[in-house]
Amino acid sequence: MVLLHVKHSDESQFLFETTSSISIEDLTQEVTRIYNGRLKVQRICAEIESLAEHGIFLPPNMQGLTDEQIEELKLKDEWAEKCTPSGGSTFKKDEIGRRNGHAPGEKMKQVLKATVEEAKALISKKQVQANICVNMAMVKDALDQLRGAVMIVYPMGLPPYDPIRMEFEDKEDLSGTHAALEIIEEPEAQLWWAGKELKRTEQLSNYVGKNEKTKIIVKIQKKGQGAPAREPIISGEEHKQMILFYHRRQEELKKLEENDDDSFLDSEWADSHALKRHFHGVKDIKWRPK
């Protein structure tokens, strides 16, 4: 199997395993789905962490308003009573004004947080260092785990405008957000290797040959952004080790220069005739005129 180390810009994303016979069209679609799927998991994890701390999302017409403004406008959160977390809730005000403050109890909070950590670990960039490949099944598994945890804490479901529910139903509205800029739509996705764009009409073997033990670094980006920066000849870690070696070598040379001082030859212990004089009994004889 050909091993692809997928990067976006200079940042590692995940490892992906495929065959040399795959078409670039299919490869681009699979890599893009995993890339966007990981972003979805990360967004949901961030919102679930907020859910665990401050409860469900407020209705859009109540978000950002103070308690006085809500009372003055006679607004009411109709979903607050419907969406009570299992085991009851504790109040913790959301200073940003996005959530209603009725957070799950400690036990249910830990259920949400533990599941978030497990989902993050499944699609983490650290999987690259561990040499573990990520596929779409793992992304779906992470989403299923998150969905299950939310259902345990909120068996009645979340409000239709809650971003967690909207993400699960693929109805999220990311317009005007930084998250929207991160997403790469499949028709707009391009894969690059060794400064070359992998054309969708070709097969992967046309670029890397038919050796199934090949490992390459592939960069994903949107069309029209030009060729991404090529990989450095040495990695950041190798560069760090070279600097460290150079520094140690300089310290060693400095110590050798310090130890090159031959003034010690004037010391008594360095006198090569001291033993002979000792046996002749002429040690410490000092000559001076009478």
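Trainee: Contact means heavy atoms within 4.5 Å. Among contacts in the chain between residues at least 6 apart in sequence, what percentage join residues at least 24 apart?

Mentor: That share is 70%. Please bear in mind that this is a predicted model, in which local features need pLDDT of at least 70 and side-chain atom pairs count only at pLDDT 80 or more, while totals for chains, interfaces and linings use all residues. Residues are numbered from 1 along each chain as its sequence is written, and side-chain values use heavy atoms, with hydrogens and water left out.

Trainee: How many helices and strands does the chain have?

Mentor: There are ten helices and seven strands. Helices (H or I, at least four residues) and strands (E, at least two) are DSSP runs, numbered from the N terminus.

Trainee: And what percentage of the residues count as buried?

Mentor: Of the chain's 290 residues, 36% are buried. Buried means under 20% relative accessible area, exposed over 50%, and partly exposed in between (1.4 Å probe, protein chains only). The chain exposes about 18,700 Å², with carbon and sulfur atoms supplying 53% of that area; accessible areas come from the Shrake-Rupley method with a 1.4 Å probe, and for residues only the protein chains shown count as cover.

Trainee: On to the sheet. What is the order of the strands in the open sheet?

Mentor: The five strands follow the order 2-1-7-5-6, and their pairing is mixed. Strand 2 (11–18) and strand 6 (196–197) are the edge strands, each pairing on one side only. Two strands pair if DSSP finds at least two bridges between them.

Trainee: How many bridges are there between strand 1 and strand 2, and in which sense do they pair?

Mentor: Strand 1 (residues 2–8) is joined to strand 2 by seven bridges, in the antiparallel sense. Val2 stands opposite Thr18, and Leu3 has Glu17 as its bridge partner in strand 2.

Trainee: What about that hairpin: which residue takes a positive phi there?

Mentor: Ser9 does, with phi near 60°, in a hairpin that has two residues between its strands. Most residues other than glycine have a negative phi. Lys74 is another non-glycine residue with a positive value, near 55°.

Trainee: Where is Lys74 placed, and is Lys74 buried or exposed?

Mentor: Lys74 belongs to the loop between helix 2 (67–73) and strand 3 (89–91). With a relative accessible area of 75%, Lys74 is exposed.

Trainee: Back to the sheet. Do strand 1 and strand 7 run parallel or antiparallel?

Mentor: They run parallel, joined by five bridges, and Leu4 faces Ile216 in strand 7. Strand 5 and strand 7, by contrast, run antiparallel with four bridges; there, Ala189 has Lys222 as its bridge partner.

Trainee: Which strands does helix 1 lie across?

Mentor: Helix 1 (residues 24–54) lies across strand 1, strand 2, strand 5 (189–193) and strand 7 (215–222), and runs at about 135° to strand 2. Axes are lines fitted to C-alpha atoms, for helices over the stretch in contact, and angles run from 0 to 180 degrees between N-to-C directions.

Trainee: Which residues is Thr28 in contact with?

Mentor: Thr28, a residue of helix 1, is in contact with Ala189, Leu191 and Arg200, leaving aside neighbours within four places in sequence. Its relative accessible area is 2%, so Thr28 is buried.

Trainee: And Glu47: why does Glu47 count as buried?

Mentor: Glu47 counts as buried because its relative accessibility is 17%. Glu47 is also in helix 1. Not counting residues up to four places away in sequence, Glu47 touches Phe57, Arg98, Arg99, Pro163 and Ile164.

Trainee: How far apart are Thr214 and Leu3, in sequence and in space?

Mentor: They are 211 residues apart in sequence and 6.3 Å apart in space, C-alpha to C-alpha. Thr214 lies in the loop between helix 8 (205–208) and strand 7, and is buried at 16% relative accessible area. Beyond residues up to four places away in sequence, Thr214 touches Met1, Val2, Leu3 and Val208.

Trainee: Last topic, the rings. How many aromatic pairs does the structure hold?

Mentor: Zero. Rings of Phe, Tyr and Trp (its six-membered ring) pair if their centres lie within 6.5 Å; planes under 30 degrees apart count as stacked, over 60 as edge-to-face and the rest as tilted.

Trainee: Which charged end sits over the ring of Trp79?

Mentor: That of Lys82, 4.6 Å from the ring centre. A charge sits over a ring if NZ of Lys or CZ of Arg is within 6 Å of the ring centre and within 35 degrees of the ring normal.
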